[in-house]
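Student: Please take a close look at the ligand site of this model. I would like a connected account of what surrounds the ligand and how it is held in contact with the protein.

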Amino acid sequence: MQDNLDILSRAIHDWIPADRPVSQAPPARELEQLLDLQLSNEGAGQEALEQGIRDYLHYNPDVSKAGFFKLLYSGLNKPALLGDWITSLGNATMHTYQVGPVATLMELELIRQWNKLVGFDDGEGVMVAGGSQANLIGMMLARHKTCPDFKTRGADGRTLVAYVSDQAHYSAQKAANVLGIGTDNLIAVETDDYGRMIPTALDQAIQTSLSEGHTPFYISLTAGTTVTGAYDPVAECSAVGRKHDLWLHIDGAWGGPILFSEQHRDLLANSHLADSFTWDAHKLMNVPITAAVILVKQPGALQAACSGGGADYLFHADENAAYNLGERSIQCGRRADALKVWLSWKAEGNNGFAAKIDYLQSIKQYCVDHIEAHSQLEMLAPALYLNVLFRYRPAHLTDEEELRKLNIEICAEMRRSGGAYVDYARFKGHTGIRLILANGDVEQSDIDALLADVQRIGDMLVARG
Ligand SMILES: Cc1ncc(COP(=O)(O)O)c(C=O)c1O
C-alpha cells in the first residue's frame, strides 16, 4: 500500500508539470509505437508499472486546465477527486444497503436534493453510469407506461414513436436501438434559430405518427443542448405531451445545474412538469467521470420498469430491504458514485455551485461581447448558456465549405501549437469553433488569449492560402 501511495504522490507532484500543454498526444498509430503496451505471461516489476502511469498521464489531455474548452467538463474538483479515490479504496457496490451502507444513504440524500431542485416533490431516482444511460432509462420508463407487457412479452407489433429535437444528444438514438424501438422511430423535431424545439412542430410530428397508425409514447426535451446550450420550452412542449398523454423526459445532463442559480434558473423554468430528468454531475459540477442520475416524479416507477430477478440470493426481505437501490437499476454491481458527488456538494453547498454558474455566465458574456465587437469573428448561435459557437470569417470568404475547413484547421493548429483545446461543431449548416465554459478557473485573460490565437492562426492560414 505504501508503495502505491508513494507513486500517487509522485504522480501528483512530479508527473503532471504545471507548464505542460493542454494536449500533447500524437496520432494513435504514432503513440502505439512509442509505448510499451504489451501484456505477457510473466508479470512485470514496479518500474514498468510506473512507466505505464507516467505515459498515461503524460499523453492524456490536461482536463484540469483553463485552456481545456473542448468538452462539457473541465477543471479540478478536489473534494470529488478525493471521493473518487476513496470510492475505489472502499470498493462498495450499490445493489444492497448491506454492501454500501453509507454510500446508499448518501445517494438517497443526493436524490432528495436533486429532486428538490427539479421540483419533483415526492420524486425518486437512482445514480447511473452516465447521461446516456439516464436517457435510456427515461425512454424505458415511457415504454413501460405505454406497454407494460413489453418487459415480459416483448414487442406487441405496435410501432412506438419517440420525439426529440434535431439538436438532441445522440444517446437518444442509442436508447431507441437498445430498447427495441428502432432508430427510424425516433423523430427529430425541428428547432428554431436558438436550437430550441418548436412546440407546434412537435405537435405536428405526433399528429403525423398517429395518422400513420403508430403509437407515440415519449418526448425528450433537452435542457442545454450539446452544441449551442439551448433549452427546449418545457411548458409549451409539456402541453403538447399532455394532450397526447405522452411521457415527458428532460435531458438536463449538461444544462440541469442551471437550477442552482437564482439568477439564471429561468432558462429551465417548469422542469417540474416533466416525468423524468437526466442530470450529470460529471459535467458542470465537475465530478470525475462518471456521476449521473435519473430522477423520476412517480415513486415506484423505476422498480416497476427495471426490477427482475435476484430475490433468491441478493435482495433479502430484511429490515433494510426498503433501502436496497438495486431493483431500481438495470445494473447489478454499481460503483458508489455517490461519495464523490456528496463530498463536493457538502464542500460547495448549493451556493457554491450557483456562484460558479453565475461567474461562468459573466465570462460567457465577456466572450460573446468580444466576438460581436470583432469584425472577423462571428457568433453562429445565440449563447444563452455556457456554449459559445463562433467562427473566424475574413470579409472576403463566403464559401461555406472553405470556412468550415479554415475553422477546423484553426482548432487543430491551436492544439498542435500548445494553445487552448477547442473543438468544432456544425449548427444549421454552419461550422464553427465550439467553446465550452465549464471550468470555474477560466479568467477573462484566457478568453483574450484564445480569441487572439483564433485571429492570429486564422490570418496566418489565410495568408498561406
Ligand atoms: C445533452 C447531453 N445529453 C446526454 C449526454 C450524454 O452524457 P454521458 O456522456 O454522461 O453519457 C451528453 C454528452 O455530452 C449531452 O451533451
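**The ligand site**

Tutor: In this predicted model, a polar side-chain atom of Asp251 lies 2.6 Å from a nitrogen atom of the ligand. Two further side chains approach oxygen atoms of the ligand: a polar atom of Ser132 lies 2.7 Å from one oxygen atom, and a polar atom of Lys283 lies 2.9 Å from an oxygen atom. Taken alone, the ligand exposes 390 Å², of which the protein buries 84%.

These contacts belong to a wider shell. In total, 14 residues surround the ligand, and the closest are Gly131, Ser132, Thr226, Asp251 and Asp280. By class, the shell consists of nine polar, three charged and two nonpolar residues. Among the contributing elements, helix α6, which spans residues 131–146, gives the most to this shell, with three residues. As for the surface of the protein, the ligand sits in the second largest pocket.

A separate polar contact may be described alongside the site. His244 is found in the loop between α10 (234–243) and β5 (247–252). The side chain of His244 is joined to that of Asp203 by a polar contact of 2.8 Å. The relative accessibility of His244 is 18%, and His244 therefore counts as buried, since the cut-off for that class is under 20%.

In summary, the ligand has polar side-chain atoms of Asp251, Ser132 and Lys283 at the distances stated above, and the protein buries 84% of the area that the ligand exposes when taken alone.

Terms used:
Residues are numbered from 1 along each chain as its sequence is written. This is a predicted model: local features need pLDDT of at least 70, side-chain atom pairs count only at pLDDT 80 or more; totals for chains, interfaces and linings use all residues. Side-chain values use heavy atoms; hydrogens and water are left out. A residue is near a molecule or strand if one of its heavy atoms lies within 4 Å of it. A polar contact is a pair of N or O atoms within 3.5 Å; within protein, one must be able to donate a hydrogen and the other to accept it, and residues adjacent in sequence count only if both atoms are side-chain atoms. Accessible areas come from the Shrake-Rupley method with a 1.4 Å probe; for residues, only the protein chains shown count as cover. On a 1 Å grid over the protein atoms alone, a cavity is a set of points where a 1.4 Å probe fits but cannot get out, and a pocket is an open set with protein on both sides within 12 Å along at least five of seven lines; lining residues have an atom within 4 Å of a point. A molecule sits in a cavity or pocket if more than half of its atoms lie within 2 Å of its grid points. Helices (H or I, at least four residues) and strands (E, at least two) are DSSP runs, numbered from the N terminus. Ala, Val, Leu, Ile, Met, Phe, Trp, Tyr, Cys and Pro count as nonpolar, Asp, Glu, Lys and Arg as charged, and the others, Gly among them, as polar. Buried means under 20% relative accessible area, exposed over 50%, partly exposed in between (1.4 Å probe, protein chains only).
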